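Could you walk me through this protein's fold, starting from its interior and working outward? Here is the model to keep in view as we go.

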Amino acid sequence: MVMKKQKTLAQLKKDMDKVFNAYIRKRDSKDGYFTCISSGKTLPVSQMNAGHFYSAGHHSAVRWDEDNVHGQSIHDNCFLHGNLLGYREGLLKKIGQERLTRLEIRRHNEAKYDRGTLEILIKKYKSML
């Protein structure tokens, strides 16, 4: 019997990023198109990123928060540094002030993800793909 080597936390986080971002792209697209949260432009999914309002690197508590991550054009996400003013306007239209306020509060929390939590989250988002 061969024992399968256990993934590191870093590998599990990478797997979670991949499956969560795929879920966001699926959630925010229809028939091969999506509307960018920042610019409001409708574009083909080939031009889509799963863009974070609060960056994943600095705000661990909202890294995989569905209110924090939305379909965003590669242009706005990468070349306009997230186009955060447009993103905020898009968020207000999409999730409303109450959920945005809750997101603003949650972003200050610190989140530590253990192996079990990450494995459960990965399974959850894989099932939604």
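**A walk from the core outward**

In this predicted model, a good place to begin is Met16. Leaving aside residues up to four places away in sequence, Met16 is in contact with Trp64, Leu118, Leu121, Ile122 and Tyr125.

Met16 also belongs to a wider group. The largest nonpolar core has 14 residues, and the members that touch the most others are Met16, Phe20, Ile24, Trp64, Leu118 and Tyr125. Two elements supply two or more residues each to this core: helix H1, which spans 9-27, and helix H4. H1 is the biggest contributor, giving six residues. There is a further core, apart from this one, made of nine residues that include Val62, Tyr87, Leu100 and Leu103.

Now follow helix H4 itself, which covers residues 115-127 and contains Lys124. Is Lys124 buried, partly exposed or exposed? Its relative accessibility is 39%, and because buried means under 20% and exposed means over 50%, Lys124 counts as partly exposed. If you look from Lys124 across to Arg63, the two are 61 residues apart along the chain, and their C-alpha atoms are separated by 16 Å.

Finally, turn to the strands. Strand S4 (residues 48-52) pairs with S5 in the antiparallel sense, and five bridges join them. To find one of these pairings on your screen, pick Asn49 and look for its bridge partner in S5, Gln72. S5 runs over residues 69-73 and is mostly covered, with five of its five residues buried.

Conventions:
Residues are numbered from 1 along each chain as its sequence is written. This is a predicted model: local features need pLDDT of at least 70, side-chain atom pairs count only at pLDDT 80 or more; totals for chains, interfaces and linings use all residues. Side-chain values use heavy atoms; hydrogens and water are left out. Helices (H or I, at least four residues) and strands (E, at least two) are DSSP runs, numbered from the N terminus. Buried means under 20% relative accessible area, exposed over 50%, partly exposed in between (1.4 Å probe, protein chains only). A nonpolar core is a set of buried Ala, Val, Leu, Ile, Met, Phe, Trp, Tyr and Cys residues joined through side-chain atoms within 4.5 Å. Contact means heavy atoms within 4.5 Å. Two strands pair if DSSP finds at least two bridges between them.
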